[in-house]
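Biologist: Could you take a close look at one part of this protein for me? I would like to follow a single strand and its partners, and then see how that fits with the rest.

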Amino acid sequence: MASSTKAGFLQAMKLLGLCVYGGCVCNIVSNHVMLLFKCEEKSMYPTINKTSRDDYVIVEMISKSKGLLKKNDIVISHQPTDPQEFICKRITCVAGDNIPIDNLTSTTSLSVVPRGHVWLEGDNRLLSYDSRIFGPVPLALIVGRVILRVWPPSQFGKIS
């Protein structure tokens with residue numbers, strides 16, 4: 001009887017160890033490698049949210065940490081005016097690029113994207129709250145690059 005209790009205890013400890021290990025792996029992956037993100041806004045229509053209200057996308061964070069983000073990448077970023085909120089936008093200019101005149105507003109006095117920043121815009125310009133309003137976005141606010149849509153299933157695939 002005592003040996004079966006000991007065996008049960010050891011089995012429970014192994015299971016607990018696997019759970020802790022799995023939790024650590026999930027934490028590392030979701031904080032440093034990739035995460036699942038829900039895009040709710042209409043500013044990226046028709047690229048995102050074309051057939052549904054919400055698209056779920058996979059966001060990889062390695063490109064950002066390696067400095068590999070480039071023009072035309074779609075990214076998830078903290079909103080500059082409210083860092084608790086997230087936005088999904090396309091990088092249209094990178095550091096050193098001239099900002100096209102039609103993208104400048106009365107709130108933007110810069111004509112070149114500063115070092116350590118990107119210029120973000122939504123594909124649906126009429127409904128997009130983006131760099132044309134809040135200016136260049138610091139790279140530190142970028143979470144990662146959108147690489148794959150996983151929901152809705154009819155739209156599953158790479159996003160470009």
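Modeller: Happy to; here is a walk around strand S7 and its partners, followed by strand S5 and the cysteines. Please keep in mind that this is a predicted model.

Let me set the scene with the fold as a whole. The protein has 3 helices and 8 strands, and along the sequence they come in the order α-β-β-α-β-β-β-α-β-β-β.

Now to S7, which covers residues 142-151. Which strands does S7 pair with? One of them is S2, residues 55-60, which lies antiparallel to S7 with 5 bridges between the two. Within that pairing, Glu60 sits opposite Arg145 of S7. Another partner is S3, residues 74-79, again antiparallel to S7, this time over 3 bridges. Here Arg145 of S7 turns up once more, as the residue opposite Val75. Arg145 therefore makes a handy landmark if you are browsing the model: look for Glu60 and for Val75 across from this residue.

S7 also pairs with S8, residues 157-158, through 2 antiparallel bridges. Leu148 has Lys158 in S8 as its bridge partner. S7 and S8 make a hairpin, with 5 residues lying between the two strands.

Next comes S5, residues 117-121, where burial is the point of interest. Of its 5 residues, 4 are buried, so the rest of the structure largely encloses this strand. S5 pairs in the antiparallel sense with S4, residues 82-94, over 4 bridges; in that pairing, Val94 is matched with Val118 of S5. S5 is also joined to S6, residues 137-138, by 2 bridges, again antiparallel, and His117 faces Pro138 of S6 there.

What about the cysteines? Cys88 is buried, at a relative accessible area of 2%, and Cys93 is buried too, with 4%. Both values fall under the 20% cut-off, so each residue counts as buried. A search of the whole structure nevertheless turns up 0 disulfides.

To finish, a few totals for the whole protein. Of its 160 residues, 36% count as buried. Among contacts with a separation of 6 or more, 54% are between residues 24 or more positions apart. The accessible surface amounts to about 9700 Å², and carbon and sulfur atoms contribute 62% of that.

Notes: Residues numbered from 1 in each chain as written. Predicted model: local features only at pLDDT ≥ 70, side-chain atom pairs only at ≥ 80, totals over all residues. Heavy atoms only, no water. Disulfide = S-S within 2.5 Å. Buried < 20%, exposed > 50% of the residue type's maximum accessible area, 1.4 Å probe, protein only. Contact = heavy atoms within 4.5 Å. Areas by Shrake-Rupley, 256 points an atom, 1.4 Å probe, with all protein chains shown as cover. Pairing = 2+ DSSP bridges.
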